[in-house]
Amino acid sequence: MCGRYAASRRPEELVELFGVQQWEPEETLAPSWNVAPTDTVHAVLERPLKGAAADAFPPGPARQLRPLKWGLVPAWATSPDAAAKMINARAETVHEKPSFRQAFAARRCLLPGDGYFEWVTDAAERQLEEQGRRKRPRKQPYFVTPADGSVMALAGLYEFWRDRTLPGGHPGAWWVTCTVVTTDAETTPLAGAGGEGPQSLAEIHPRMPLVLPPDRWDAWLDPARTDPDELRALLAPPPPGLMRAFPVPTEVSNVRNNGPELVTELAAPEVGTLF
């Protein structure tokens, strides 16, 4: 799954990297090293511009950098209450699930990040829990990030939801929300695997966010692509061995903590011996 990630890159860097044509500086988000569900995040997407902004571009979709709320609310939902539960969409079923299939067909995006967090329970902690001696076992967070330091482009979907309790001109009348597509975690060796740490992403968690390599960005963002078979082909896992993973401070487990120290690589896990 993907329940937290880090996104600290400046908008100007994202604009250049993803070939963004339009963005609003006043919508710039502060760097975050602990992005959590329901937070507002930067997303790269393509759709036609409206109003005065459209005059500066030729007709058709324009690549944009937009702030979206993480936790998808389907257009048909009667309330946004389920948003926190729809932070992930499984790649295997995203084309058929009622909550995601319309967005998969026409509203796909990229969610830029530095990497994502996943938590591992120490074997001794699990044993204590099974014996009833610990109600909630302690977990060691790991940070998964591109080995070459590049931006991680998470495959995402976005959707529009109209709050019918508010008048049309109200700034909160429309919600634009998103979800992260996930897939089976890689069983192949991590970059630099060896020693006592995890040897693969699957040893950390059975699921992982789908990271799209640059050669798939254009096709994924193109709203004119609607053929289900063509789109599903884009959901193939990225080439193996591009990620590394390392233990980070347990402070990241508290969503109130935020700062670059949360992605500091530790020499050893703080919680037990996990591998």
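A residue is called buried here if its relative accessible area is under 20%, exposed if that area is over 50%, and partly exposed in between, with a 1.4 Å probe and protein chains only. By that definition Trp220 is buried, since its relative accessible area is 0%.

The structure is a predicted model, in which local features need pLDDT of at least 70, side-chain atom pairs count only at pLDDT 80 or more, and totals for chains, interfaces and linings use all residues. Residues are numbered from 1 along each chain as its sequence is written, and side-chain values use heavy atoms, with hydrogens and water left out.

## Strands and sheets

Helices (H or I, at least four residues) and strands (E, at least two) are DSSP runs numbered from the N terminus, and two strands pair if DSSP finds at least two bridges between them. One open sheet consists of 5 strands in the order E2-E1-E7-E8-E12, with antiparallel pairing. Its edges are formed by strand E2 (32–35) and strand E12 (243–247), each of which has a single partner strand, so one side of each is left without a neighbour in the sheet. On average, neighbouring strands of this sheet are turned by 30° against each other, direction ignored; axes for such angles are lines fitted to C-alpha atoms, for helices over the stretch in contact, and angles run from 0 to 180 degrees between N-to-C directions. Within this arrangement, strand E1 (residues 5–7) pairs with E2 in the antiparallel sense over 2 bridges, and Tyr5 has Val35 in E2 as its bridge partner.

Elsewhere, strand E3 (residues 40–47) runs antiparallel to strand E4 (residues 62–70), and 8 bridges join them; in this pairing Val41 stands opposite Leu68 in E4. E4 also pairs with strand E10 (residues 174–184), in the parallel sense and over 2 bridges, where Lys69 is found opposite Thr177 in E10.

## Aromatic rings and charges over them

A pair of aromatic rings is described by the distance of the centres and the angle of the planes. Rings of Phe, Tyr and Trp (its six-membered ring) pair if their centres lie within 6.5 Å, and planes under 30 degrees apart count as stacked, over 60 as edge-to-face and the rest as tilted. The count by this rule comes to 8 aromatic pairs, and two of them are set out below.

| Ring pair | Distance of centres | Angle of planes | Class |
|---|---|---|---|
| Phe104 and Trp220 | 6.2 Å | 55° | tilted |
| Phe143 and Phe246 | 5.9 Å | 65° | edge-to-face |

The pair of Phe104 and Trp220 links distant parts of the chain, with Phe104 in helix H2 (residues 101–106) and Trp220 in helix H4 (residues 217–221), 116 residues apart. Phe104 counts as buried at 3% relative accessibility. The pair of Phe143 and Phe246 likewise links distant parts of the chain, 103 residues apart, with Phe143 in strand E8 (residues 139–146) and Phe246 in strand E12. Phe143 is buried, with a relative accessible area of 4%, and Phe246 is buried as well, with a value of 6%. Both rings belong to one aromatic cluster, which is formed by Phe117, Trp119, Phe143 and Phe246.

A charge sits over a ring if NZ of Lys or CZ of Arg is within 6 Å of the ring centre and within 35 degrees of the ring normal. Arg108 lies over the face of Trp220, at 5.8 Å from the ring centre, and Lys69 lies over the face of Trp175, at 5.8 Å from that ring's centre.

## Individual residues

Glu159, in strand E9 (residues 152–162), counts as buried at 4% relative accessibility. Its side chain is joined to that of Arg107 by a polar contact of 3.0 Å, a polar contact being a pair of N or O atoms within 3.5 Å, of which, within protein, one must be able to donate a hydrogen and the other to accept it, while residues adjacent in sequence count only if both atoms are side-chain atoms. Contact in general means heavy atoms within 4.5 Å, and, not counting residues up to four places away in sequence, Glu159 touches residues including Leu72, Arg107, Trp175 and Thr177.

Ala173 lies in the loop between E9 and E10 and counts as buried at 0% relative accessibility. Not counting residues up to four places away in sequence, Ala173 touches Trp161, Arg162, Asp163, Leu166, Pro167 and Gly168.

Glu13, by contrast, is found in helix H1 (residues 11–18) and is partly exposed, with a relative accessible area of 30%. The C-alpha atoms of Glu13 and Val151 are separated by 9.8 Å, although the two residues are 138 residues apart along the chain.
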